[in-house]
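Hi,

Here is the model we talked about, ready for you to open in your viewer. Have a look first, then read on for what turned up.

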Amino acid sequence: MTLRPRSVRARLTLWHAAVLALIVCAFSTTIFLLVRARLLEQLDARLDRDVATIERTYGEDPGEVSEADSRAGIQLFEVLEADRVLYRTEAWARKGLHSALDGRPGTAVLSWSSRDGEPLRVHSVSFPTHRISVAADESELRRTVATLALVLALGIPCAIALAIGGGFLLAGRVLAPVGAMAERARRITAESLGERLPVEDAGDEFGRLATIFNQTLGRLQDSFERLRRFTADASHELRTPLTAMRSVGEVALHDSLDRAGYRDVIGSMLEEVQRLTGLVENLLTLTRAESGRLQPSRSVVDLGALAARAVEHLRVLAEEKEQKLEVERNGLVEAQCDPALLRQGVVNLLDNAIKYTPARGEIRVSVRTLPSGEAAIEVKDSGPGIAEVHHRRIFDRFYRLDGARSRSSGGMGLGLAITRWTVEANGGRVEVESEEGRGSLFRVVLPAG
Ligand code: ADP
């Protein structure tokens, strides 16, 4: 079992009270000891003065020492000459003070209690021929010290009680925002990610915590939003070929077709299956990219050779459309990258260029080193171009300028998203320069190898 209270408020209060109690105790003890020492000092100084007065009187005439009693008002003293009493006041004898100095030869300072319990302070000073002893009532001093001790003893518990009460209130006030934050955080679910924690003062510790938590919530909300959109878009994309296949199948079932007719039906169904396969493959690539499981393995790559291979891979598509497809290499351009990943990105750019450029159009791939020293692969086409408003968004998943047309040409709006990821995973970036009706230029920029 642990004695540690579970509430922070209680812990803060206890710590606060304990530290304050310690300080008050140390402070009180110091005050008590200082006052007591100071009072004793004053009493001792008075007794020293009395000894000096008696000594002066003794020096003038030893027979006159009794006058110190009547003249100076010193009521408790005795003067011994070689252990013989020269003079002793009546009060001294009455209180039995001579026994206080028994066994204390020479000079002595002590506190002593008389037979009737009266506390006395005694000073005894030895001179070559005689010894003077004086005493004074110490009860006043003791009363003052006792009163002080009482005040302090009563004050300490009061101070601790106040510390506990004040600390509890203070801790409650200070921790109030935490309670409000916890209450609000408890209500936030996946459906209400738009809610935020209250921030009373963004500058203090709790404010900073709430702000950071709110920023995390913002990022979570974004991810959820993107995931939702992604799922909705993906379902939508999957539905289109499935619907096409179903209607083709239904028509084929309904009508009795000859052999060639069925071949047509199966052919168009396979086309849709191919579309679906492509879509699923792209989705898988993006999902793996997102999960961070695809780690690029970088090496120094000849970008010219990589671009040439990608062009050869797609040349047949360009030939089908009688497009002119050229590669321009300006010396050896190398970059540190994952060749397989980068090739996929470049193939997507080329695929788009061929897809969106009309028949007999022109596509030019150029590999060069930029003035900044970076390596670049540019894919330029003479196609329809892309208006500036779309430049930023074409890299988003499922974003298409002209849905129907791009879908009819096999586009699903994932190609550029994949290109951007493959290039960024290699430490580079993709730029687009294009105007509507004036062709497009996509530039993959990579740090030089
Ligand atoms: P898709 O699979 O539809 O081609 P992308 O992500 O590759 O998707 O491209 C997004 C959109 O950008 C396309 O729908 C298309 O409208 C536009 N686009 C991409 N490349 C080109 C290009 N070279 N010329 C004109 N439009 C392009």
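Helix α8 is the biggest contributor to the shell around the ligand, supplying four residues. Keep in mind while you look that this is a predicted model. At least two shell residues also come from each of α10 (415-425) and β12 (440-446), and α8 itself spans 339-356. In total 19 residues surround the ligand, and those that come nearest are Asn352, Tyr356, Asp381, Met412 and Leu416. By type, the shell splits into 10 nonpolar, six polar and three charged residues.

Now the polar contacts, which you'll probably want to check yourself. The side chain of Tyr356 has an N or O atom 2.6 Å from an oxygen atom of the ligand. Asp381 puts a polar side-chain atom 2.8 Å from a ligand nitrogen. With Leu401 the backbone is involved: one of its N or O atoms sits 3.4 Å from an oxygen of the ligand. As for burial, the ligand on its own would expose 530 Å², and the protein buries 96% of that.

Next, the sheet that α8 sits on. This one is open, with five strands in the order β7-β9-β10-β12-β11 and mixed pairing. The edges are β7 (324-329) and β11 (429-434); each has a single partner strand, so one side of each has no neighbour in the sheet. Ignoring direction, neighbouring strands here are turned against each other by 15 degrees on average. The β11 and β12 pair is antiparallel and held by six bridges, with Glu431 standing opposite Arg443 of β12. Helix α8 packs on this sheet and touches β7, β9 (362-369), β10 (375-381) and β12, while its direction makes about 20 degrees with that of β10. So β12 turns up twice: it supplies residues to the ligand shell and is touched by α8.

There is another open sheet to look at. Its five strands run in the order β2-β1-β5-β4-β3, with antiparallel pairing. Which strands stand at its edges? They are β2 (84-88) and β3 (108-113), and because each has a single partner strand, one side of each is left without a neighbour in the sheet. The twist from one strand to the next averages 20 degrees. Strands β3 and β4 (residues 119-126) run antiparallel and are joined by six bridges; across that pair, Ser111 faces Arg121 in β4. Helix α1 (residues 8-60) packs on this sheet, where it touches β1 (77-81), β2, β3, β4 and β5 (131-137). The direction of α1 makes about 140 degrees with that of β5.

If you only have a minute, start with the ligand and the Tyr356 and Asp381 contacts.

Cheers

Technical notes
Residues numbered from 1 in each chain as written. Predicted model: local features only at pLDDT ≥ 70, side-chain atom pairs only at ≥ 80, totals over all residues. Heavy atoms only, no water. Near = heavy atom within 4 Å. Polar contact = N/O pair within 3.5 Å; in protein donor to acceptor, adjacent residues only side chain to side chain. Areas by Shrake-Rupley, 256 points an atom, 1.4 Å probe, with all protein chains shown as cover. Nonpolar A, V, L, I, M, F, W, Y, C, P; charged D, E, K, R; others polar. Pairing = 2+ DSSP bridges. Axes fitted to C-alpha atoms, helices over the stretch in contact; angles between N-to-C directions. Contact = heavy atoms within 4.5 Å.
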